[in-house]
Amino acid sequence: MAGQKHEHVRVAVIGSGFGGLGAAVRLRREGITDFVVLERAGTVGGTWRDNSYPGCACDVPSHLYSFSFAPNPDWPRTFSGQEKIHAYLEHVADVFRIRPHIRFDSEVRQARWDTERLHWILETASGTLTADVVVSATGPLSDPKVPDIPGLGSFEGKVFHSARWDHDYDLRGKRVAMIGTGASAIQIVPAIQQDVGRLTLFQRTPPWVMPRADRAITRAERWLHRQLPFTTQARRGLLWGIRELQVQAFTKRPEELGLVEQLARRNMHRAVKDPALRAKLTPDYRIGCKRILLSNTYYPALAQPHVDVVASGLKEIRGNTLVAADGTEAEVDAIIFGTGFHVTDMPIAERVIGADGDSLAQSWKDGMRSLRGATAAGFPNFMTIIGPNTGLGNSSMILMIESQLNYLADYLRQLHVLGGRVALDPRESAVTGWNNRVQDRMKRTVWNTGGCTSWYLDANGRNTTVWPGTTTEFRQATRHVDVGEYKVVRPPAVAPASPARTARTKKKAVDAA
């Protein structure tokens, strides 16, 4: 690597989903144009490009699940489908002139910190470049997780994950197994159950499902939003305020969620008349411990005669027969995994090498931790969008992303004020202090006390995913960068020559003359 010349940019952004495009827009608004967006695929969109399964939609209202700086008055429904959200992100890339900065088919294979030159060396699928600052916006829902099921390799039928849907495979008349009961599964099951010959749902843990208050947004509403933009802002503000008021029940008073559980039970009773099936579908943990799911069609789909619910996880596969942990067997033609993503063990962390030569994954071997959800000790000038403990259990992630973009903007301003070649590396004491405060607040939340095991928890049982407070609190905590929480790193000083060595050098020069 020494002596090689590479393209150099001020900022390299990894990913072009909401986080990556938001970072790119913010950089341009800050007057920074010397940046690239490195995208592993051929189009923008992140998780909303990759997840194209039947029924895919967002469970956050459209006007709240969009950038505050890019309102869309023409959302057609209160809850948008995947195609509309993907189209919105394409629109953002066009309107804010981000496309010239994007390098498609450029998956980052490694990002290594160069201590002497104070920059990052990024090896990508399309070449190598260097950058002063790296912003990782790969997101927690980008790399599918498929469980290691004994016998899976011997299965002769079709197998795919919900985030890698095979649209060429015809499910009509097939015997299909759906593995998992998370947010993807409750959308897929109603969307495919009318077409398949038989559907078997393997359920380890039943989710709490609330009615989905979805409707078409009228032409009159859309006209009003176009003519009077403040009405769009007011609608967004109302949606935000309602969710902000709900946070206390999740974070401080989980016992208040009992009424919500009653509403969820009534929702189930209306659609599921079979007491045995209702028993299978009734959770034994506090609502909110896992993400509350929204659907009007999930329970009616499960009540159909050609749909079976196996209240046990998939244990092994023998040929084309799936065997559950309770011994139940089902012969199928296709397996669809709705088993989530690598959230607490993000694959990008394996590829990021810090100042001491360790990967971010090694640094996080005991659990993800960072300063204000953004920066990790030992990784100077490296920032994560949607980092540790920045997730939400009941509101829009776009609110958290925009707060982190505020922090990114001030981080770059601080580097400019310090001047010269400089980097900021968070102090270990600051990272530890921040995480201790977060985990202390986490103790009384429903995510820790609700009696469930969720994807919010890492292998050690720590909740390193969710933010235990309001979006207002997080925005306040990330409004400015406190340089006191960082070590200011300058290039290594060249050791001055000793007087004796200087004298010998002068003598050689005289002799040579």
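**Salt bridges, a surface patch and internal spaces**

Arg99 is partly exposed, having a relative accessible area of 30%. In this predicted model, the side chain of Arg99 forms a salt bridge with that of Glu90, at 2.3 Å from N to O.

That pair belongs to a wider set of charged contacts, for the count of salt bridges comes to 32. Among them is the contact between the side chains of Arg49 and Glu39, at 3.2 Å from N to O. Arg49 is part of helix H2 (residues 47-50), whereas Glu39 sits in the loop between strand E2 (35-38) and H2, so the salt bridge ties together parts that are 10 residues apart in sequence. With a relative accessible area of 3%, Glu39 is buried. Arg49 also counts as buried, at 15% relative accessibility, because the limit for that class is under 20%.

A further salt bridge joins the side chains of Glu221 and Arg215, at 2.9 Å from N to O. Here the two partners fall into separate classes of accessibility: Glu221 counts as buried at 18%, while Arg215 is partly exposed, with a relative accessible area of 37%. Salt bridges also link Arg26, Glu30, Asp410 and Arg413 in a network.

The surface also carries a nonpolar patch, formed by Trp223, Leu224, Leu228 and Phe230, which together have about 410 Å² of accessible area. Leu228 of this patch is found in the loop between helix H5 (219-227) and helix H6 (229-251). Its relative accessible area of 36% makes Leu228 partly exposed.

Attention now turns to the empty spaces. Rolling a probe the size of a water molecule over the atoms reveals where such space is left. The second largest pocket holds about 770 Å³ of space. Its lining consists of 31 residues, and those nearest the centre of the pocket are Asp59, Arg243, Gln246, Leu294 and Asn394. Helix H6 gives the most to this lining, with nine residues. By character, the lining of the second largest pocket divides into 16 nonpolar, eight polar and seven charged residues.

How many cavities of 30 Å³ or more does a search of the whole structure find? The search finds one. The largest cavity has a volume of about 30 Å³, and its lining is made up of Val247, Leu392, Gly393, Asn394, Trp447, Val466, Trp467 and Gly469. Five of the residues in the lining of the largest cavity are nonpolar and three are polar, with no charged residue. Asn394 thus appears in the lining of the largest cavity and also in that of the second largest pocket.

Methods:
Residues are numbered from 1 along each chain as its sequence is written. This is a predicted model: local features need pLDDT of at least 70, side-chain atom pairs count only at pLDDT 80 or more; totals for chains, interfaces and linings use all residues. Side-chain values use heavy atoms; hydrogens and water are left out. Patches are made of residues with over 30% relative accessible area and no salt bridge: like charges are joined within 9 Å, nonpolar side chains (Val, Leu, Ile, Met, Phe, Trp, Tyr) within 5 Å. Accessible areas come from the Shrake-Rupley method with a 1.4 Å probe; for residues, only the protein chains shown count as cover. A salt bridge is a side-chain nitrogen of Lys or Arg within 4 Å of a carboxyl oxygen of Asp or Glu. Helices (H or I, at least four residues) and strands (E, at least two) are DSSP runs, numbered from the N terminus. Buried means under 20% relative accessible area, exposed over 50%, partly exposed in between (1.4 Å probe, protein chains only). On a 1 Å grid over the protein atoms alone, a cavity is a set of points where a 1.4 Å probe fits but cannot get out, and a pocket is an open set with protein on both sides within 12 Å along at least five of seven lines; lining residues have an atom within 4 Å of a point. Grid points are joined across faces, edges and corners, and a volume is the space filled by probe spheres set on the points. Ala, Val, Leu, Ile, Met, Phe, Trp, Tyr, Cys and Pro count as nonpolar, Asp, Glu, Lys and Arg as charged, and the others, Gly among them, as polar.
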